[in-house]
Amino acid sequence: MRIVIGEGSCGIAAGAEKVRQALLNCDLGGAEVSITGCIGMCYLEPIVDIYEDEKLTRLVKVSPDDAQSIADYAKTGDISKIEKLIVSDEDSEFLTKQTRIALRRCGIINPDEISAFLEADGYTALKKCLTELTPEEVIDIIKTSGLAGRGGAGFPTWFKWNAARQSEGEVKYLICNADEGDPGAFMDRAVIESDPHTLIEGMLIGAYAIGAQHAVVYVRAEYPLAIKRLEIAMAQARERGYLGKNIFGSGFDFDIYIKAGAGAFVCGEETALIASLEGERGMPRLKPPFPAAKGFWQKPTDINNVETLANVPWIIFNGGAAFGKFGTEASKGTKVFALAGKIKKGGLVEVPMGMTLREVLFGI
C-alpha cells in the first residue's frame, strides 16, 4: 500500500505537510508514504491518495486529525473511519471530464524522484528523437500536431523552431518562459512543481530540433517550490546522463540553468525577458529582428512557455496526428486553464480547444 499526499503549493498552503507528518507519526502497518504534486483539484486540498495494487482511494480535505483513521485503514482495511473523506462522485467528474496531456503526470508521480518519471515513459520521446529522428523530422511532427504557443500569442511552435534552426550561427539558445505574471494564473507553476522532468524533456527535444546546446528557464522568484523541484530534477537528469555531454550516445550536448526573475509582469513578453536575462531593464523592443534571428546575446533564440514544452514529449511519443485530433481545425490540442476567483471549484483543468467557457465553469 502507498499513501501519497498532494504537495503542490496549493496542498502545502492547505496543510498537506502537517498531514504527512501526522501520518509518519502513526503505525501504518508497513504502508509507504510519499508525495506528489497538484492533481488540479485545489479546492479539495489537502488530498491523500491510497494506492492498493490497481485500486485508488482518494481522500479530500484531510486534516492531521484524520491521520490515525487512515493508519487504521492501512492496517485493518476497515474503511468506515475514512468514508467521510472519500471524494464524491460529483467531485470525481472534475477530472474525468478533462483531457490531460500537459498535466498527464501531475498529481500522479513523485516530482522529486526521476525513477517515477522513467516508469511513466519519461525520456522515451527524447531517446526516439536522438536515435531515430533528424531535427527536421522532429519539426515536421510538431508541425503535423498543430501545437501553437500556450503563452498567449498562439504562434505555431514548429515555425519558431524552424526559423531558429535555419538562422545562421553555431551558438543558439532555447529559453523557457516561466514568468507567468497573469493574475490568478498558476498553470506553469503547477507543471514545474508536479512534473519537472516533462519540462526538461520538452526543452531537450526543442533544443535538438533547433541546434541549441544551452538553455535558460526564466522563472519568477515567487515560485520557490517550482525552482527547488526543477533544481532537483536537473541534478538527477545530469546524474543519469539526460543532461550534459553526449546524451544517449548521440553526440548531442545540452544543459540548462535557471534564472529567477524579480517578478515584473512585462518580462513575460519575450524581448523584455531577453533584456532582463542580459542584465538590462525588462523592456520590450520592436520586432524585427525576431529572437529566432537575433535573441539572447544577439544569437538565434527560441522561446516557448512551460505548457507548450510540456506537450512536446507526448506529441513525439504518440505522433503529431494524435495531438491534432483534439481541439478545432484552427486551434488543435488541449489547453490548461487556472480557475480562480469567485467560483466553487478552483483549480486546474485541461480541456480540448474549442470547449466553451460555460462548459468549463459550469460543466467541470
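In this predicted model, Q236 is placed in helix α11, which spans residues 224–240. Is Q236 buried or exposed? With a relative accessibility of 16%, Q236 counts as buried, because the cut-off for a buried residue is a value under 20%. Setting aside neighbours within four places in sequence, the residues in contact with Q236 are D112, E113, I114 and H197.

A whole helix can be looked at in the same way. Helix α9 covers residues 187–194, and eight of its eight residues are buried, so this helix is largely enclosed by the rest of the structure. The buried residues of α9 are M187, D188, R189, A190, V191, I192, E193 and S194. The list thus takes in charged side chains such as D188, R189 and E193.

One residue of α9, D188, appears again among the contacts of N305. N305 belongs to strand β9, which runs over residues 301–305. With a relative accessible area of 9%, N305 is buried. Apart from residues up to four places away in sequence, N305 touches R150, G151, C176, N177 and D188. The side chain of N305 also has a partner in T308: a polar contact of 2.5 Å joins the two side chains.

T308 leads on to helix α13, which consists of residues 306–318. Which helices meet α13, and at what angles? One is α10, made of residues 196–210; the axes of α10 and α13 come within 8 Å and cross at roughly 75 degrees. The two helices are therefore roughly perpendicular to each other. On the α10 side of this contact are T198, L199, E201, G202, M203 and I205, and on the α13 side are V306, L309, A310, V312, P313 and I316. Sorted by class, the residues of this contact comprise nine nonpolar, two polar and one charged.

Another partner of α13 is helix α6, formed by residues 124–132. The axes of α6 and α13 also come within 8 Å, and they cross at roughly 65 degrees. This crossing of α6 and α13 is left-handed. From α6, the residues T124, A125, K128 and C129 take part, and they meet P313, I316 and F317 of α13. The contact of α6 with α13 is made up of five nonpolar residues, one polar and one charged. A reader who follows P313 and I316 on the structure will find both of them listed in the contact with α10 and in the contact with α6.

The loops offer some backbone details of their own. As a general guide, most residues other than glycine have a negative phi, and most peptide bonds are trans. Against that background, which peptide bond in the loop between β2 and β3 is cis? The bond from E45 to P46 is cis, with omega near -5 degrees. P46 sits in the loop between β2 and β3, and E45 is found in that loop too, between β2 (32–36) and β3 (48–52).

E45 is worth a longer look. With a relative accessible area of 8%, E45 is buried. The side chain of E45 reaches the backbone nitrogen of I47 at 3.0 Å. Leaving aside neighbours within four places in sequence, E45 is in contact with G6, C10, G11, A14 and K61. As for G295, this residue is 250 residues from E45 in sequence, and the C-alpha atoms of the two are 41 Å apart in space.

A further cis peptide bond joins K287 to P288, with omega near 0 degrees. P288 has its place in the loop between α12 (270–277) and β9. W297 lies in the loop between α12 and β9 as well. What sets the backbone of W297 apart is a positive phi, near 50 degrees, in a residue other than glycine. W297 is partly exposed, with a relative accessible area of 47%.

F248 also has a positive phi, of about 55 degrees, although F248 is not a glycine. This residue is located in the loop between β7 (244–247) and β8 (252–261). With a relative accessible area of 31%, F248 is partly exposed.

Key. Residues are numbered from 1 along each chain as its sequence is written. This is a predicted model: local features need pLDDT of at least 70, side-chain atom pairs count only at pLDDT 80 or more; totals for chains, interfaces and linings use all residues. Side-chain values use heavy atoms; hydrogens and water are left out. Axes are lines fitted to C-alpha atoms, for helices over the stretch in contact, and angles run from 0 to 180 degrees between N-to-C directions. Helices (H or I, at least four residues) and strands (E, at least two) are DSSP runs, numbered from the N terminus. A crossing is left-handed if the near helix is turned anticlockwise from the far one by less than a right angle, and right-handed if clockwise. Contact means heavy atoms within 4.5 Å. Buried means under 20% relative accessible area, exposed over 50%, partly exposed in between (1.4 Å probe, protein chains only). A polar contact is a pair of N or O atoms within 3.5 Å; within protein, one must be able to donate a hydrogen and the other to accept it, and residues adjacent in sequence count only if both atoms are side-chain atoms. Angles under 35 degrees count as roughly parallel, over 145 as roughly antiparallel, 65 to 115 as roughly perpendicular and the rest as oblique.
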